[in-house]
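Colleague: I have not worked with this structure before. Could you take me through it?
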Amino acid sequence: MQGSLMKPVLAAAALALAASVPAFSSRADEATLGSAAASAGRYFGGALDPGAFDERPYRELAATQLTCVTPENAMKWGLVEPLRGEFDWKGADALVAFAKANGQKIRGHTLVWHSQLPLWLINGSFRPDELKDLMVAHIMEEAGRYKGAIYSWDVVNEPFTDDGQWRRSIWYDAMGPDYVAIALKAARAADPAAKLYLNDYNVETSGPKMRALYDLVASLKRAGAPVDGVGLQSHFVSGAAPKDIQSVMEEFAGLGVAVAVTELDLRIRLPADDKALATQAADYASVVRACRATPRCVGVTTWGVTDDRSWIPSFFSGYGAALPFDEAYRPKPAVAAITQAWIGPP
Ligand code: G3I
């Protein structure tokens, strides 16, 4: 009896402590987002900016809370090969070294995308066969460089538009839908151990885009293409996280692939008052519970860790506060809610 009374008291004390000091100084035996997820056999990840590794609070928070890391930008084509044949692996290498030093998995992001491409590629007026060769060479170069170090690659990012049509891109325009299978095969050849994902947003609820991705994965599986997982990016407005995300995860899993929440954030119309933060915490918990309840869901990644380094304010005017830790690296209510969703009763 005494023991069961003591636990809430200790938990409350730990929460009060966590609220008053930065979370990275918490004792090793306290739950972190990563250790809570591990207790459910999953990882908890975050997108990181290697440019911030020289800031101690950022580095320590990322090192202690996460068991998986994703480069928010550092592995995108425009950053690793800004000029043709001139590679800059600084950020990507730093991310890989960071993960190795901290025993974290790495989600590689992303090999083939319509965005953040170098200008030489976009403006190069390449023929379709040249674009195919360039795409395959890029995959071999990048996935080959990090062979053995990457847990999973977002091989193809955002292949569809919101109405479920193929997105026009230099890749689609050159090769049609075949570009996806070509990219997957190249990635498998470059790094046979990496899990290969297709990753998209607005596919977390049933609708035309989710259906298009489902049909694509089904046809790739039928054709024997190497696809291992589906990434549900999960950029949501706080209070509007889809209610059917678990059944969507289960549908994809029914195709025999893994699923992962790859870019979760819940943006709030500012200012973020206590009520808004409580709503956000509930949404974070609901997404984590959906993953926990889906055997093939391998983990949850947030798109950033702290509110001072989130893409949201510069892309959605008037919105922000989307991540579990605030600008001063203090845990928001979302942190306790996520932890509870991993370790509490299912
Ligand atoms: O690197 C330049 C820098 O030299 C320049 O001074 C600065 C001035 O604006 O811009 C810097 O580039 C920015 C880049 O992030 C790196 O910080 C770009 O302007 C900016 O557009 C770019 O935004 C990224 C966005 O992808 C590009 O589409 C976001 O940080 C990143 O969070 C976001 O991530 C995507 C995922 O990859 C795919 N899913 C959606 C998600 C959110 O859009």
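Modeller: The model is a predicted one, and we can go through its cores, its cysteines and a few single residues.

Colleague: Let us begin with the inside. How many residues has the largest nonpolar core?

Modeller: The largest nonpolar core has 97 residues. Those with the most contacts inside it are Leu48, Trp171, Leu198 and Trp342.

Colleague: Which helix gives the most to this core?

Modeller: That is helix α9, residues 178-190, which contributes eight residues. A second, separate core consists of six residues, among them Tyr43, Cys68, Tyr151 and Tyr197. As a general point, nonpolar side chains in soluble globular proteins tend to be buried together.

Colleague: Back to Trp171. What does Trp171 touch?

Modeller: Leaving aside residues up to four places away in sequence, Trp171 touches Trp77, Val112, Trp113, Leu117, Leu121, Leu131, Met135, Gly176 and Tyr179.

Colleague: And the helix that holds Trp342, which residues of α14 are buried?

Modeller: In helix α14, residues 333-343, the buried residues are Ala334, Val335, Ala337, Ile338, Thr339, Ala341 and Trp342. Their cover includes α2 (33-39), β1 (43-48), α12 and β9 (297-302).

Colleague: Changing topic to the cysteines. How many disulfides does the count come to?

Modeller: The count comes to one disulfide. Cys291 and Cys297 form it, with their sulfur atoms 2.1 Å apart. The link is left-handed, with -95 degrees about the S-S bond.

Colleague: Are those two cysteines buried or exposed?

Modeller: Cys291 is buried, at a relative accessible area of 0%, and Cys297 is buried as well, at 1%.

Colleague: Why does Cys68 have no bond to Cys291?

Modeller: The sulfur of Cys68 is too far away for a bond, because the closest cysteine sulfur, in Cys291, is 12 Å from it. A disulfide would need the two sulfur atoms within 2.5 Å. Cys68 also counts as buried, at 0% relative accessibility.

Colleague: Now a charged residue. Where is Asp283 found?

Modeller: Asp283 is found in helix α12, residues 274-293. Asp283 is buried yet has no salt bridge.

Colleague: What is the nearest side chain of opposite charge to Asp283?

Modeller: That side chain is Lys243, 5.2 Å away. A salt bridge requires the charged atoms to be within 4 Å, so Lys243 does not form one with Asp283.

Colleague: Then what does the side chain of Asp283 reach?

Modeller: The side chain of Asp283 reaches the backbone nitrogen of Gly239 at 2.6 Å. Beyond four places in sequence, Asp283 touches Val237, Ser238, Gly239, Ala240, Ala241 and Leu266.

Colleague: I should also like to see a strand residue. Where does Val69 lie, and what does Val69 touch?

Modeller: Val69 lies in strand β2, residues 68-71, and is buried, with a relative accessible area of 0%. Not counting residues up to four places away in sequence, Val69 touches Gly46, Leu48, Leu95, Ala99, Gln104, Lys105, Ile106 and Arg107. Val69 and Ala92 are 23 residues apart in sequence, and their C-alpha atoms are 12 Å apart in space.

Colleague: One last residue. Is Pro313 buried or partly exposed?

Modeller: Pro313 counts as partly exposed, at 43% relative accessibility. Pro313 lies in helix α13, residues 312-315.

Colleague: What does Pro313 touch?

Modeller: Setting aside residues up to four places away in sequence, Pro313 touches Tyr319 and Gly320. The C-alpha atoms of Pro313 and Arg59 are separated by 22 Å, and the two residues are 254 apart along the chain.

Key:
Residues numbered from 1 in each chain as written. Predicted model: local features only at pLDDT ≥ 70, side-chain atom pairs only at ≥ 80, totals over all residues. Heavy atoms only, no water. Core = buried A, V, L, I, M, F, W, Y, C linked by side-chain atoms within 4.5 Å. Buried < 20%, exposed > 50% of the residue type's maximum accessible area, 1.4 Å probe, protein only. Helix = DSSP H or I, 4+ residues; strand = E, 2+ residues; numbered from the N terminus. Contact = heavy atoms within 4.5 Å. Lys, Arg positive; Asp, Glu negative; His and termini not counted. Polar contact = N/O pair within 3.5 Å; in protein donor to acceptor, adjacent residues only side chain to side chain.
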